Amino acid sequence: MTAVDDVRYWRHPAVSGVHLLRAHYVNHGFGRHSHDTFVLGVATTGVEELWLGGQVHRVRPGGLVMINPGVVHTGRPADEGGWAYRVFYPDVDVVAEVAGTPNPWFTEQVVYDADAAAALVAAHRAAESADPLAAGSLLGHALSTLLRAYGGERSPVPAGGGRDVEAAREILHERLAEPPSLAELAAEVGTGQFALLRAFRARHGLPPHAYLNQLRVRRACALLDQGTPVARAAVEVGFTDQSHLARHFRRIVGVPPGHYRRKNVQDRP
């Protein structure tokens with residue numbers, strides 16, 4: 001039995017800043033991760049076990065999932081049959097334009113709303129068609145439907161670790177390929193390594209090493225979008241080799257990096 005059945009990851013044909021995933025996962029599970037985009041998905045068959053917001057949800061067919069940027073979550077099959085779903089990954093700017101606010105936020109995480117789910121599925125199916133006008137229009141309608149029912153404004157982020165955590169985060173961004181050890185990182189920002197570990201996880205939902213791997217995967221996505229070969233992208237972002245990238249990439253993105261690169265190069269609008 002294969003881990004992934006009937007998976008596709010691609011760019012939206014009419015709206016830049018939007019990626020899509022359609023997949024049936026049987027054995028595959030996502031590790032803890034977050035996205036810098038929104039995640040808007042509808043389960044179509046099977047049951048997903050989703051850890052989100054400190055709770056475990058069993059998402060059944062028709063379940064509508066709304067995950068805000070930066071929110072850590074996981075996903076895995078709830079039983080041996082796996083689950084299938086359709087997902088949009090719209091950039092913040094895309095949702096902000098529809099919402100009419102620079103800081104859009106969804107106030108619910110998992111709901112069962114037949115009309116909203118149907119609108120999202122219709123928009124997703126349209127993005128697989130050869131009609132970009134319909135694809136763009138139905139996406140706008142789906143986002144408007146979700147925002148009217150569940151949209152809000154993002155609250156200010158609490159300090160939760162203050163300047164030490166933000167300084168450490170900036171160092172990881174700047175030294176992606178050659179990061180310091182935890183002790184070196186803590187020394188550079190002027191705190192203890194275990195104090196930094198606790199504060200960083202409280203602020204970002206992940207410890208520094210997991211945050212770094214996620215950041216590397218995001219940077220790898222950007223390189224693959226440009227057509228960079230997978231092996232070269234792996235080295236440029238700091239992974240030891242292509243297999244090292246592939247292991248982390250699939251746990252976060254849901255498809256192998258080669259699959260991601262082929263689809264994004266072929267489907268570029």
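**Aromatic pairs and a helix contact in the predicted model**

Nine aromatic pairs are counted in this structure, which is a predicted model. Among them is the pair of Y9 and Y260, whose ring centres lie 5.0 Å apart and whose planes meet at 45°, so that the pair is classed as tilted, since an angle neither under 30 degrees nor over 60 falls into that class. This pair joins distant parts of the chain, with Y9 placed in strand β1 (residues 4-11) and Y260 in helix α10 (residues 257-266), at a separation of 251 residues. Both partners fall under the 20% limit of relative accessible area that defines a buried residue: Y9 is buried at 8%, and Y260 is buried at a relative accessibility of 2%.

A further aromatic pair is formed by F200 and Y211, for which the distance from centre to centre is 5.4 Å and the angle between the planes is 80°, an edge-to-face arrangement. Here too distant parts of the chain are linked, F200 belonging to helix α6 (residues 193-204) and Y211 to helix α7 (residues 208-225), with the two positions eleven residues apart in numbering. F200 has a relative accessible area of 0% and is therefore buried, and Y211, with a value of 10%, is likewise buried.

The tilted pair of Y9 and Y260 is part of a wider grouping, in that Y9, Y89, F249 and Y260 together make up one aromatic cluster. Aromatic rings are also met by charged side chains: the charged end of R8 is placed over the ring of W10, at 4.1 Å from the ring centre, while R216 is found over the face of F239, at a distance of 5.5 Å from the centre of that ring.

Helix α6, which carries F200, also packs against helix α4 (residues 162-174), the axes of the two helices coming within 9 Å and crossing at roughly 85°. The angle lies in the range of 65 to 115 degrees, and α4 and α6 are therefore roughly perpendicular to each other. On the α4 side, the contact is made by D164, V165, E166, A168, R169 and L172, which meet L196, A199, F200, R203 and H204 of α6. By character, the residues of this contact comprise six that are nonpolar, one that is polar and four that are charged. F200 thus appears both in the edge-to-face pair with Y211 and among the α6 residues that meet α4.

Methods:
Residues are numbered from 1 along each chain as its sequence is written. This is a predicted model: local features need pLDDT of at least 70, side-chain atom pairs count only at pLDDT 80 or more; totals for chains, interfaces and linings use all residues. Side-chain values use heavy atoms; hydrogens and water are left out. Rings of Phe, Tyr and Trp (its six-membered ring) pair if their centres lie within 6.5 Å; planes under 30 degrees apart count as stacked, over 60 as edge-to-face and the rest as tilted. Helices (H or I, at least four residues) and strands (E, at least two) are DSSP runs, numbered from the N terminus. Buried means under 20% relative accessible area, exposed over 50%, partly exposed in between (1.4 Å probe, protein chains only). A charge sits over a ring if NZ of Lys or CZ of Arg is within 6 Å of the ring centre and within 35 degrees of the ring normal. Axes are lines fitted to C-alpha atoms, for helices over the stretch in contact, and angles run from 0 to 180 degrees between N-to-C directions. Angles under 35 degrees count as roughly parallel, over 145 as roughly antiparallel, 65 to 115 as roughly perpendicular and the rest as oblique. Contact means heavy atoms within 4.5 Å. Ala, Val, Leu, Ile, Met, Phe, Trp, Tyr, Cys and Pro count as nonpolar, Asp, Glu, Lys and Arg as charged, and the others, Gly among them, as polar.
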